[in-house]
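Colleague: Please take a close look at one part of this model, the place where two domains of a single chain meet. Some context on the other chain would help too.

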Amino acid sequence: MKALVLKALRHTWRLAALALLLAGPSSRTASAQAAASPDRSSRTDSRTARVEGLAAWDQIYSVLTHPRCINCHTATNYPQQGDDRHRHFANVVRGAEGKGVAALQCVSCHQEANADTTGVPGARGWHLAPLSLRWQDRSNRILSSAQVCRAITDRSKNHDLDGPGLLKHHTEEPLVLWAFQPGRGIDGRPRTLLPLTHEQFVEATRRWVEVGMPCPQGR
Amino acid sequence: METYELIVNGRPMEVTTDPGTPLLWVLREELKMTGTKYGCGIAACGACTVHLGGIPTRSCVVPISLVGGRPVVTIEGIGRDPVGRVVQDAWVSHDVVQCGYCQSGQILTAVALLKAIPKPTDADVEQSMGGNLCRCATYVRIREAIKIASGQVK
């Protein structure tokens, strides 16, 4: 019986050795594989970058779809206001260029800075985002992360901004800056703040742009 | 308290007041120009409309600190403007006013509309005048007076 077991073991070792010879490099360790295969290494790096980019995009999306941003990125013919995103009062409408109409313009009330004594928010060039950059559907539902990402990276919809252009927009645009310093409402209380600071938002955008602005898949 | 230099209806003026004071109250209380009315105080009714740098503006929500060097035109001065004169004449000839409280804001808004769009459509009138409320419901006469004035604007 003992001899039979030893014979079987010797046969197994021989098969294992044969398999090792035939398999060649593929039987090496994972780290050795990576070092020996640039393609696989770059694929791994690419996957890691995409994961990191998507994580940064999640942060950006949380800002873009906050009421401070989406109230002027509407799918409607009017702006919205408040954390409940209700229709803007005083019958204001979008107008041809998103700045209101001839005698009822956004700047009829919104000045170049917040008016905290009267509760009217303000920043230079107050206006609605174009409909091509709406972050909601016509039923007032917030668009998915994938939909917003596709729109913001589509240069036919985003004023022809490439990655550095988007980063500059997020860094310098007065209305973007306003969203992080939204002032006080008509009730005198500070408006709800965005989930990130402006520095965090810019940094997230920078990371996302650096890895090629990946977008989530799906609808 | 701060001191501000203003140009109101073409005249330089100086006021010393709190920076957060709305332009409406500077006009009414400091400069004693009471033609501009307080309606809602939140920019919802349009009674307080003046022209600020040529733009129809709700003076009840604009702090004096944000006015800057932009000229202010009120109902007391709009008649010196050619379009303003035509609109005021149309208002009178068509007997638009009932109680009159909102009418200075209505006229300032109508003048801004006709300066931008001399021949406005009904939709233009509705959209531009849609933020000016009139509790006497003189809306039909307001629209008709604007149409009359638009025929006379050069």
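Modeller: The domain pair comes first, and the other chain follows. This is a predicted model, in which local features need pLDDT of at least 70, side-chain atom pairs count only at pLDDT 80 or more, and totals for chains, interfaces and linings use all residues. Residues are numbered from 1 along each chain as its sequence is written, while chains are lettered from A and ligands numbered from 1 in the order in which they are written.

Chain B is assigned domain 1 (2–73) and domain 2 (78–150); such bounds come from an automatic or database domain assignment. Between the C-alpha centres of these two domains of chain B the distance is 21 Å. Across the boundary, 13 residues of domain 1 of chain B are in contact with 11 residues of domain 2 of chain B (contact: C-beta atoms, placed from the backbone, within 7 Å). On the domain 1 side, strand β3 (residues 49–52) of chain B gives the most, with 3 residues. Helices (H or I, at least four residues) and strands (E, at least two) are DSSP runs, numbered from the N terminus. By class, that side of domain 1 of chain B has 6 nonpolar, 6 polar and 1 charged residues. Ala, Val, Leu, Ile, Met, Phe, Trp, Tyr, Cys and Pro count as nonpolar, Asp, Glu, Lys and Arg as charged, and the others, Gly among them, as polar.

Chain B also meets chain A: 21 residues of chain A are in contact with 24 residues of chain B. The chain A side of this interface divides into 14 nonpolar, 6 polar and 1 charged. Chain A itself has 8 helices and 4 strands, in the order α-α-α-α-β-β-β-β-α-α-α-α from the N terminus.

Terms used:
Two residues are in contact if their C-beta atoms, placed from the backbone, lie within 7 Å.
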